[in-house]
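Here is a short report for a reader who has not met this structure before. Look at the chain first, then read on.

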Amino acid sequence: MDDVDRRILQALQENADLPAKRLADMVNLSTSAVERRIGRLKQDGTIQKIVAVIDPKAVGRPLSILVELEIQNEHRHTLDQFQRWLDQAPEIQSCWYVTGDMDYVLLVVVRDLADYNAFIERLMSEQQALVRKYRSIIALKTIKHGLTLPLEA
């Protein structure tokens, strides 16, 4: 990846809807050269996907809760199954398998506490053999929410 790729990626992180012509002007390349570079960045997995970032409040999901989970055991088969369950839960926006006292950290986005309680009840009933305990951290205010990555050389 060279400096031009980094400039393209930086511009796309800020606005993935930029027309190729505008992007080409920004990095001093032809439109076709920029399109080829973007295609290569997609193919090699540097650009994983292009999405719209939606305001959770605008779609009725104003409550963000971080959930720390401690599990009973860490057998590979059990973890794979559990991770598939987590991946398919629509309330979970992000999920990390972590070090420390807890095993997973989830970012859960819901309408209200009743919606969150329904999620926890489903988790604890469907995964009761695996989840030992959980801890909830309710976000009172979002200070920063972003997906951009620093792209230094």
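## Glu-68 and its partner

Glu-68 is buried, with a relative accessible area of 16%. That value counts as buried because the cut-off is under 20%. The model is a predicted one. Glu-68 forms a salt bridge with Arg-135, and the closest N and O atoms are 2.7 Å apart. The two residues sit in separate strands: Arg-135 in E4 (residues 131–138), Glu-68 in E1. The pair therefore ties together parts that are 67 residues apart in sequence. Arg-135 is partly exposed, at 45% relative accessible area.

## A second link between E1 and E4

Glu-70 forms a salt bridge with Arg-132. Here the closest N and O atoms are 2.8 Å apart. This pair also links distant parts of the chain. Glu-70 belongs to strand E1 and Arg-132 to strand E4, with their positions 62 residues apart in the numbering.

Is each partner buried, partly exposed or exposed? Glu-70 counts as buried, at 15% relative accessibility. Arg-132 counts as partly exposed, at 43%.

## Other salt bridges

How many salt bridges does a search of the whole structure find? The search finds eleven. One of them joins Asp-25 to Lys-21, with the closest N and O atoms 3.0 Å apart. Both residues lie in helix H2 (residues 20–27). They are four residues apart, about one turn of the helix. Asp-25 has 42% relative accessibility and counts as partly exposed.

Salt bridges also form a network. Its linked residues are Asp-2, Asp-5, Arg-37 and Arg-40.

## The nonpolar cores

The largest nonpolar core has 21 residues. Which of them touch the most other members? They are Leu-69, Phe-82, Leu-106 and Phe-119. Four elements each supply at least two residues of this core: strand E1 (63–71), helix H4 (76–88), strand E3 and helix H5 (113–126). E1 gives the largest share, five residues.

Another core lies apart from this one. It has 13 residues, among them Val-4, Leu-23, Ala-24 and Leu-41.

## Contacts of Leu-69

Set aside the neighbours of Leu-69 within four places in sequence. Leu-69 is then in contact with Phe-82, Leu-86, Met-102, Asp-103, Tyr-104, Leu-106, Leu-123, Val-131, Lys-133 and Tyr-134. Two of these names, Phe-82 and Leu-106, also appear among the core residues that touch the most other members.

## The E2–E3 hairpin

Strands E2 (residues 92–97) and E3 (residues 104–110) run antiparallel. Five bridges join them. Cys-95 has Leu-106 in E3 as its bridge partner. Leu-106 is also one of the core residues named above.

The two strands form a hairpin, with six residues between them. Gly-100 sits in the turn. Its phi is positive, at about 105 degrees.

## Gln-127 in a loop

Where is Gln-127 found? Gln-127 is in the loop between H5 and E4. At 14% relative accessibility, Gln-127 counts as buried. Neighbours within four places in sequence aside, Gln-127 is in contact with Phe-82, Trp-85 and Arg-122. Phe-82 is in contact with Leu-69 too.

Conventions. Residues numbered from 1 in each chain as written. Predicted model: local features only at pLDDT ≥ 70, side-chain atom pairs only at ≥ 80, totals over all residues. Heavy atoms only, no water. Pairing = 2+ DSSP bridges. Core = buried A, V, L, I, M, F, W, Y, C linked by side-chain atoms within 4.5 Å. Buried < 20%, exposed > 50% of the residue type's maximum accessible area, 1.4 Å probe, protein only. Contact = heavy atoms within 4.5 Å. Salt bridge = Lys/Arg side-chain N within 4 Å of Asp/Glu carboxyl O.
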